[in-house]
Amino acid sequence: MKRSEVNSIIRWADEFMRAHGVHLPPFAYWSPEELGDRRAAAAGVIEGRLGWDITDYGLGRWAEQGLFLFTARNGRQADLKRGGGMCYAEKIMISREGQLSPMHRHWLKAEDIINRGGATLAIELNGSAPDGSFDADAGGTVFCDGLRRDFAPGEVLRLAPGESVTLMPGDWHAFWGEGGDVLIGEVSTVNDDATDNWFREPIGRFAEIEEDEPPLHLLVSDYDRLI
């Protein structure tokens with residue numbers, strides 16, 4: 001992706017979130033220079049990978065296969081391992097109409113995916129084979145707003161604003177906006193996007209950025225390289 005495209009998406013996403021009553025924390029609007037200057041104070045932001053995250057999964061077609069994310073909070077792997085402390089994370093996401101977030105599952109993370117507003121959120125579900133791999137013939141069980149729901153292989157669950165689904169680590173899923181753009185909330189176990197995503201197809205989690213203009217704000221994938 002070109003940096004100019006990333007900057008444009010950030011501006012658009014900020015307007016979309018504000019239109020739905022979602023306001024980001026102050027650090028979201030720091031310039032790259034300010035984040036670098038305040039590195040010591042912002043250690044929790046940098047180490048927790050809080051902030052802007054825009055991905056095309058390395059495919060170069062963000063409008064067709066991509067996702068906007070903002071990680072608002074993220075716990076500590078050490079707390080998760082010892083079974084106490086900050087073991088949770090929260091993201092704000094946007095799926096555009098027809099924009100696919102490809103089929104994947106998580107190794108460790110359980111997550112609630114919540115339609116916070118906009119159009120319908122469509123989620124395709126599949127179960128796992130005994131070794132955890134994708135199984136086109138496997139269904140499973142999820143909970144929608146606390147209510148049990150069995151799903152058939154490849155079934156598409158449609159969530160209206162206010163509705164949610166709880167996905168466990170073995171639940172394969174892909175999702176997209178249907179009938180318009182969708183504001184999505186994610187409440188989950190501690191998040192580690194570098195290691196916890198298992199995609200059905202051999203794709204990447206983060207976009208490769210072509211620097212055709214200066215960054216408006218850094219992405220979480222920029223932190224190691226640009227701070």
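Which residue lies over the face of tryptophan 107? Select arginine 105: it sits over that ring face, 5.5 Å from the ring centre. Keep in mind throughout that this is a predicted model.

Next, select arginine 205 and phenylalanine 206. Here arginine 205 lies over the face of phenylalanine 206, at 4.7 Å from the ring centre.

Now turn to ring against ring. The structure holds 9 aromatic pairs. One of them joins phenylalanine 27 and phenylalanine 70. Show both rings. Their centres are 5.8 Å apart, with 25° between the planes. The pair counts as stacked, because the angle is under 30 degrees.

Colour by element and trace the chain between the two. Phenylalanine 27 is in the loop between α1 (3-19) and α2 (32-37), while phenylalanine 70 is in strand β2. The pair links distant parts of the chain, 43 residues apart. Turn on the surface: both phenylalanine 27 and phenylalanine 70 are buried.

Widen the selection to Phe27, Tyr29, Trp52, Phe68 and Phe70, which form one aromatic cluster.

Last stop: the largest pocket. Its volume is about 490 Å³. To centre the view, pick Glu47, Gly48, Arg49, Asn74 and Asn191, the closest to the pocket centre of the 24 lining residues. Then highlight α3 (43-47), β2 (67-74) and α5 (223-226), the elements that each give two or more residues to the lining. The largest share, 3 residues, comes from β2. Strand β2 also holds phenylalanine 70 of the stacked pair.

Finish by colouring the pocket lining by class. Expect 9 charged, 8 polar and 7 nonpolar residues.

Technical notes
Residues numbered from 1 in each chain as written. Predicted model: local features only at pLDDT ≥ 70, side-chain atom pairs only at ≥ 80, totals over all residues. Heavy atoms only, no water. 1 Å grid on protein atoms, 1.4 Å probe; cavity = no way out; pocket = protein on both sides within 12 Å on 5 of 7 lines; lining within 4 Å. Points joined across faces, edges and corners; volume = space filled by probe spheres on them. Helix = DSSP H or I, 4+ residues; strand = E, 2+ residues; numbered from the N terminus. Nonpolar A, V, L, I, M, F, W, Y, C, P; charged D, E, K, R; others polar. Phe/Tyr/Trp six-rings, centres within 6.5 Å; stacked < 30°, edge-to-face > 60°. Buried < 20%, exposed > 50% of the residue type's maximum accessible area, 1.4 Å probe, protein only. Lys NZ or Arg CZ within 6 Å of the ring centre and 35° of its normal.
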